[in-house]
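Welcome, and thank you for taking a look at this one with me. Here are some notes to read alongside the sequence and the 3D view.

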Amino acid sequence: MTVYNFEVKQTDGTEKSLADYQGKVLLIVNTATGCGFTPQYEGLQNLYDHYKDSGFEILDFPCNQFGNQAPGTNAEVADFCQMNYHTTFETFGKIDVNGENEAPLYSYLKSAQGGLLNKAIKWNFTKFLIDREGNVIKRYASQTKPEDIAKDIEAQL
């Protein structure tokens, strides 16, 4: 089992297979537009700009589970990111990362390495680094700035 076994909803509601990203290094992030960590979008875009030509992708999953910090429709969230942070990486449809309606992808991400990964997502901007084979390499807390992940991304590229 790898992340490539999952399908996720795009902002328009259509399904997309994560197998489409096979062979790429991925950073999967649950985000919000009204969070104290929202300025991390700038750092995420900088990472994307720097590494995208080397086979790196960021998968942005807005989540409204933490303090209602991702209000609005999927399109409104994507527009906010593009207009305010000039994001060019893919923003998907909103998902739940914990609880009864938790997205299967996030169930997998949290359990992929056992131990700490089994714990609930504590807040938005939790990040998961995925290698080119679709395996979870590392989990980063919300407080971890995108630029602090650069060396780990380089090691996978």
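The points below go through charged pairs, aromatic rings and one annotated residue.

1. A word on the source before anything else. What you have in front of you is a predicted model, so please read each point below as a description of that model.

2. Let us begin with the charged side chains. The structure contains six salt bridges, and a good place to start is Lys-16, which you will find in strand 2. One of its partners is Asp-20, and the closest N and O atoms of these two residues are 3.9 Å apart. Are the two partners buried or exposed? Asp-20 is exposed, at 52% relative accessible area, a value over the 50% cut-off. Lys-16 is buried, with a relative accessibility of 17%, which falls under the 20% cut-off.

3. Lys-16 also forms a salt bridge with Glu-90, again with an N to O distance of 3.9 Å. Strand 2 (residues 15-17) holds Lys-16 and strand 5 (residues 90-91) holds Glu-90, so this pair ties together parts of the chain that are 74 residues apart in sequence. Glu-90 itself is partly exposed, its relative accessible area being 24%.

4. Next, have a look at Glu-57 and Lys-24, whose side chains meet in a salt bridge at 3.8 Å, N to O. This pair also links distant parts of the chain: Glu-57 is in strand 4 (residues 56-62), while Lys-24 sits in the loop between strand 2 and strand 3 (25-31), 33 residues apart. Glu-57 is buried at 15% relative accessible area, whereas Lys-24 is partly exposed at 28%. Returning to the earlier pairs, Lys-16, Asp-20 and Glu-90 are joined into one network by salt bridges that share partners.

5. What else does Lys-16 touch, leaving aside residues up to four places away in sequence? Its contacts are Phe-6, Glu-7, Val-8, Gln-10, Tyr-21, Glu-90 and Phe-92. The salt-bridge partner Glu-90 thus appears in this list as well.

6. Now for the aromatic rings. How many aromatic pairs does a search of the whole structure find? The search gives 10. Among them is the pair of Phe-66 and Trp-123, which is tilted, with 5.3 Å from centre to centre and 40 degrees between the planes. Phe-66 belongs to the loop between strand 4 and helix 2 (74-85), and Trp-123 to the loop between helix 3 (104-111) and strand 6 (127-130), so the pair ties together parts 57 residues apart in sequence. Phe-66 is buried, with 8% relative accessible area, but Trp-123 is partly exposed, with 32%.

7. Some rings also come together as a group. Tyr-41, Phe-80, Tyr-85 and Phe-125 are linked into a cluster by ring pairs. Keep Phe-125 in mind for the last point.

8. Finally, please find Cys-35 in the loop between strand 3 and helix 1 (40-51). The unreviewed UniProt entry annotates Cys-35 as "active site". In the model, Cys-35 counts as buried, at 7% relative accessibility. Setting aside residues up to four places away in sequence, Cys-35 touches Gln-69, Trp-123, Asn-124 and Phe-125. Two of these names have come up before: Trp-123 pairs with Phe-66, and Phe-125 is part of the ring cluster.

Notes. Residues are numbered from 1 along each chain as its sequence is written. This is a predicted model: local features need pLDDT of at least 70, side-chain atom pairs count only at pLDDT 80 or more; totals for chains, interfaces and linings use all residues. Side-chain values use heavy atoms; hydrogens and water are left out. A salt bridge is a side-chain nitrogen of Lys or Arg within 4 Å of a carboxyl oxygen of Asp or Glu. Buried means under 20% relative accessible area, exposed over 50%, partly exposed in between (1.4 Å probe, protein chains only). Helices (H or I, at least four residues) and strands (E, at least two) are DSSP runs, numbered from the N terminus. Rings of Phe, Tyr and Trp (its six-membered ring) pair if their centres lie within 6.5 Å; planes under 30 degrees apart count as stacked, over 60 as edge-to-face and the rest as tilted. Contact means heavy atoms within 4.5 Å. UniProt positions are given in the numbering used here, feature names are shortened, and annotations may be inferred rather than shown by experiment.
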